[in-house]
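The following note sets out points on the architecture of the model for a colleague's consideration. The nonpolar cores are taken up at the outset, and the sheets and helices follow.

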Amino acid sequence: MHPTRPARPIIRELGRADYEPIFAAMRAFTDARTPDSADELWIVEHPPVYTLGLGADRAHILAPHEIPVVQTDRGGEVTYHGPGQVVIYLLMDLRRQKPAGKLYARQFVNRIEQAVIDVLAAYNLEGERIAGAPGIYIAQGPRKGAKIAALGLKVRGNGCTYHGVSLNVAMDLTPFSWINPCGYSGLATVDMRTMGVEAPLADVQHALAQALVRHLAAEPQPAPNNPIDSLTRA
C-alpha cells in the first residue's frame, strides 16, 4: 500500500539562513518523517557558501577566497549559493506522487526544471535544458548557454528527497568564477538581473514555489508551527 498522500505540501519561508543548519535540519526532517508526514518546500536565501556533491572533485574549487566549503550528500559537483539567489529545498515522498502512485527521480527532475523554465518565461526570459547537464540555461541572445539555475537532489532508498533547486536573481556572480560550476571549466553563469530583469527576490521566491507546487500537482498551504523552525534560522 502506498503512503497516504497529503492534500498539499507545506511551504516554509526561512528567510536568510546559514547553509549547514539547514542541511542538518533537512536530514533530521527526513529521518523523522513517516508515511503520513506532509511534503514540504523550504524557501531560503543563504550567505555565501560553496557546496559539494557526493562525487564532487575538490579540484573544481579553484580559489574559495574565504567562502566556506561544505560537503553534502546530494548529487552533482560544486555549486555556489549566496545572497540574491532563490533556493528551494524539496522534502518530498516520491512514492505518493503521480503517475501510477510513483514519481521516478528523472520525472521529478524534469518537473523541477519545467517550473524554473515557466518562471523565467513569466519574466520574458527563455530557459532551456541541456542534455547531460542538469539545471537550466539561457536559450536566447549573446548569453545563450549560460547557466541561470542549478539542481541537486538526494533521493533515499525509501523515495524521500531533500536538497533542491537554486535560481540566480540578483547576485554578485564573481564567486562563480572561483570554481568550475557543476564541474564544467569555463561555464558562464548569469542571473536574471544580468539578463535585464529587475525583480524583487521575494517575488521570484513566491513565483518559483507556486510553479513547483503546480508541477507537483498540489496546492500550497500555510505552514503550522513546527519545532524544526528553530533549527533552520541563522
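1. The largest nonpolar core of this predicted model comprises 38 residues, and Leu-167 and Leu-208 have the most contacts inside it. Two or more residues are given to this core by each of β2, β6, α2, β8, β9, β10 and α3, the last of these covering residues 201-215.

2. Which residues does Leu-208 contact, once its neighbours within four places in sequence are left aside? They are Val-86, Ile-88, Ala-115, Val-116, Val-119, Val-165 and Leu-167. A second core, separate from the one above, holds 16 residues, including Tyr-19, Phe-23, Val-49 and Leu-91.

3. The seven-stranded sheet is open and shows mixed pairing, with the strand order β1-β2-β6-β10-β9-β8-β7. Its edges are formed by β1 (10-16) and β7 (127-130), each of which pairs on one side only. On average, and with direction ignored, neighbouring strands in this sheet are turned by 20° against each other.

4. At the β7 edge, three bridges link β7 to β8 (residues 133-138) in the antiparallel sense. Within this region, Gly-127 has Ile-138 of β8 opposite.

5. Two helices pack on the seven-stranded sheet. Helix α1 (residues 19-32) touches β1, β2 (40-45), β6 (85-91) and β10 (161-168), and the direction of α1 makes about 145° with that of β10. Helix α2 (residues 105-122) touches β6, β7, β8, β9 (147-155) and β10; here the angle between the directions of α2 and β9 is about 155°.

6. The packing of α2 with α3 merits separate description. Two packed helices are described by the angle between their axes and the distance between the axes. For α2 and α3 the angle is about 135° and the axes are 9 Å apart. Because of that angle, α2 is oblique to α3. The crossing of α2 past α3 is right-handed.

7. On the α2 side, this helix contact is made by Arg-111, Ile-112, Gln-114, Ala-115, Val-116, Asp-118 and Val-119. The α3 side contributes Val-204, Ala-207, Leu-208, Ala-211, Leu-212, Arg-214 and His-215. Leu-208 thus appears in this contact as well as among the residues with the most contacts inside the largest core.

8. Is Glu-113 buried or exposed? This residue, placed in helix α2, counts as buried because its relative accessibility is 9%, and the cut-off for burial is under 20%. Not counting residues up to four places away in sequence, Glu-113 touches Arg-129, Pro-134, Gly-135, Ile-136 and Leu-151. Of these, Leu-151 lies 38 residues from Glu-113 along the chain, with 8.1 Å between their C-alpha atoms.

9. A three-stranded open sheet, also of mixed pairing, has the order β4-β3-β5. Its edge strands are β4 (69-71) and β5 (78-81); each has a single partner strand, so one side of each lacks a neighbour in the sheet. Neighbouring strands are turned by 30° against each other on average, direction ignored.

10. In the three-stranded sheet, β3 (residues 49-52) and β5 run antiparallel and are joined by four bridges. Val-49 stands opposite His-81 of β5, and Val-49 is also included in the second core. Helix α1 lies across β3, β4 and β5 and runs at about 10° to β4. Accordingly, α1 has a place in the description of both sheets: it packs on the seven-stranded one and lies across the strands of the three-stranded one.

Key. Residues are numbered from 1 along each chain as its sequence is written. This is a predicted model: local features need pLDDT of at least 70, side-chain atom pairs count only at pLDDT 80 or more; totals for chains, interfaces and linings use all residues. Side-chain values use heavy atoms; hydrogens and water are left out. Two strands pair if DSSP finds at least two bridges between them. Axes are lines fitted to C-alpha atoms, for helices over the stretch in contact, and angles run from 0 to 180 degrees between N-to-C directions. Contact means heavy atoms within 4.5 Å. A nonpolar core is a set of buried Ala, Val, Leu, Ile, Met, Phe, Trp, Tyr and Cys residues joined through side-chain atoms within 4.5 Å. Buried means under 20% relative accessible area, exposed over 50%, partly exposed in between (1.4 Å probe, protein chains only). Angles under 35 degrees count as roughly parallel, over 145 as roughly antiparallel, 65 to 115 as roughly perpendicular and the rest as oblique. A crossing is left-handed if the near helix is turned anticlockwise from the far one by less than a right angle, and right-handed if clockwise.
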